[in-house]
Every structure is written in C-alpha cells, then in structure tokens.
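Dear colleague,

I am handing over the structure below, together with some notes on its packing. Please look through it before reading on.

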Amino acid sequence: MRAFVPHPALQPYVQGYNYVGPGVIHQGITSIDIYPADHTEMSFILDEYHAFREKGTTHISGYPLCFVGMLNQGRCFDVFPKTFVQVVFKPYGAFKLFGIPQRHFSNLATDVGLLFPGIDLLTEQLKEASGASAKIVAILEQWLLKRLDMAAKTDVSSIAYACEQIQNSNGLIRIEELCRRMRISTTTLGDQFREKVGFSPKTFSRIVRFNNINTFIGQKRDLKWQELVYVYGFFDQNHFIKEFKHFYGCTPSQWHALKPVE
C-alpha cells in the first residue's frame with residue numbers, strides 16, 4: 001500500500017490518500033472485514049469489475065466511485081475489490097467538501113455518481129489514469145480542491161474542535177463537560193454531530209474509544225482485562241465484552257488471539 005499526503009489546503013479535512021495495489025490483498029483471502037473508524041472514505045475502484053457484496057446477502061453493488069459513511073458496527077464482504085485508491089476524510093471533512101448531511105450515509109456505501117450527477121468526466125479521467133496511482137491521486141485532489149472553493153462558506157470549526165477533544169481524550173471525555181467547554185447545549189451538539197459527522201457525539205466517542213482499545217490490544221502480549229476495563233471507563237467486564245462484540249463481532253480474547261503483537 002502506498003500513502004499520499006494531501007495538499008496543505010485540504011489537510012484540515014482530508015487525512016490522506018491510500019493506494020492499494022495488486023497483491024496487497026492476497027488472492028487466497030475469501031472475505032474482508034471492515035471495522036468502525038473515526039473517519040469516512042471515498043474509493044475509486046481500479047479492478048475491471050467494480051463489485052462488492054456483503055456476506056450473507058445476495059445483492060452485488062458495482063460502481064467505480066464509492067463513498068462510505070462512518071460505521072458504528074463491523075461489516076464483512078465476500079465479494080470485494082482488490083485494487084483501489086482511497087480518500088480518507090476527517091470525521092467532518094466530507095460534510096465540509098460536499099455539504100451533504102452525513103446522517104444519510106452512516107453504515108452505508110453510496111455511489112458517488114448519485115451524489116454528483118455531473119461526475120462522469122472525473123470518472124473517465126480516473127479510468128484513463130488507471131495503473132498510475134500518483135496521477136489518480138492528483139486528479140482526485142484537483143476535484144477536491146474545486147469542492148473546497150465551492151464550500152468556502154461552510155463552517156465546521158466548532159465540530160472540528162469537538163472531534164479533536166474527543167479524540168485527544170481517547171473517547172473518554174464526558175459529553176456534558178465538552179458542551180460546557182463549548183458553551184452549547186447537548187441538543188445542539190448532538191444535532192451538529194448527526195449533520196456533520198453522521199452519529200451522535202456519544203456514538204462517535206464509543207468509536208474513538210474502541211479504536212484506541214484496538215491499538216492497545218495490538219501492542220500487548222499479556223493483557224490484564226480488568227485493568228483495561230478500568231482504564232477505558234467501563235462499568236464492568238461484562239459491559240466491556242458486550243460493547244466489544246458489537247464493534248468487532250467477537251470477544252476481546254478471541255480478537256487478541258487473532259492480532260499479531262506490534
């Protein structure tokens with residue numbers, strides 16, 4: 001996988017670009033799991049067939065440009081692309097650049113062509129550049145820079161501050177305390193999060209917390225689960241296990257057994 005740094009003007013809203021080339025996802029892999037993360041993504045599929053299907057379903061989707069909203073539960077695909085370029089947005093970045101309420105895209109993958117009917121030219125340019133990852137990223141970035149110019153009046157500063165506070169606290173800051181710092185009501189903050197991020201601040205905090213737990217587990221060979229429960233503010237171990245299974249579909253012990261220690 002190759003990573004690209006965004007243009008400075010886009011860095012407040014775009015985390016980066018990732019090129020996943022041939023051979024990165026090995027041919028023997030029959031399914032791929034996607035877990036909740038504190039960002040959204042747009043992918044340009046470079047496979048000849050733009051096909052993906054969620055495990056346990058019969059519907060196969062197929063479009064070259066795909067936007068994936070924020071997830072609060074794991075998803076598994078048994079038909080999926082092997083080669084693609086990702087734009088990874090900050091939690092509020094897609095709202096800033098596209099101006100579309102993010103609550104409509106939570107836990108969903110959407111054809112970008114449905115969001116922007118005039119995008120056929122961009123898709124054709126990307127197809128022509130297929131195989132040249134740097135060129136594909138440059139084309140996508142020019143389009144995003146134009147979107148940024150169009151979105152000059154869209155203000156995401158307050159939601160950016162809120163997301164930063166939640167991320168810096170590893171998802172442990174109390175929402176009431178965050179609202180007090182921002183001098184707004186919990187209702188106002190909730191409305192802003194659902195509009196610009198896709199979920200409530202509480203759900204976003206849970207996602208951030210479990211991303212940090214995932215990193216913590218990956219760094220430890222010998223885990224003391226009770227200590228982890230205490231550090232991350234769970235009521236008890238049963239509460240932690242229930243939450244963990246919601247996000248990852250298995251128990252913490254099963255997940256730790258599967259994870260290589262970094």
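What follows concerns the nonpolar cores and one pair of helices.

The model is predicted, so local features are given only at pLDDT of at least 70 and side-chain atom pairs only at pLDDT 80 or more, while totals for chains, interfaces and linings use all residues. Residues are numbered from 1 along each chain as its sequence is written, and side-chain values use heavy atoms, with hydrogens and water left out.

The largest nonpolar core (buried Ala, Val, Leu, Ile, Met, Phe, Trp, Tyr and Cys residues joined through side-chain atoms within 4.5 Å; buried means under 20% relative accessible area, exposed over 50%, partly exposed in between, with a 1.4 Å probe and protein chains only) has 68 residues, and Met 42, Phe 89 and Phe 98 have the most contacts inside it. Its largest share, eight residues, comes from helix α4, residues 133-150 (helices are DSSP runs of H or I, at least four residues, and strands of E, at least two, numbered from the N terminus). Apart from this core lies another, of nine residues, including Val 20 and Phe 77.

In helix α3, residues 120-128, Leu 122, Thr 123 and Leu 126 are buried, whereas Asp 120, Leu 121 and Glu 128, on the other side, are exposed. The buried residues of α3 pack against β4 (40-45), β7 (65-68) and α4, where contact means heavy atoms within 4.5 Å.

With best regards
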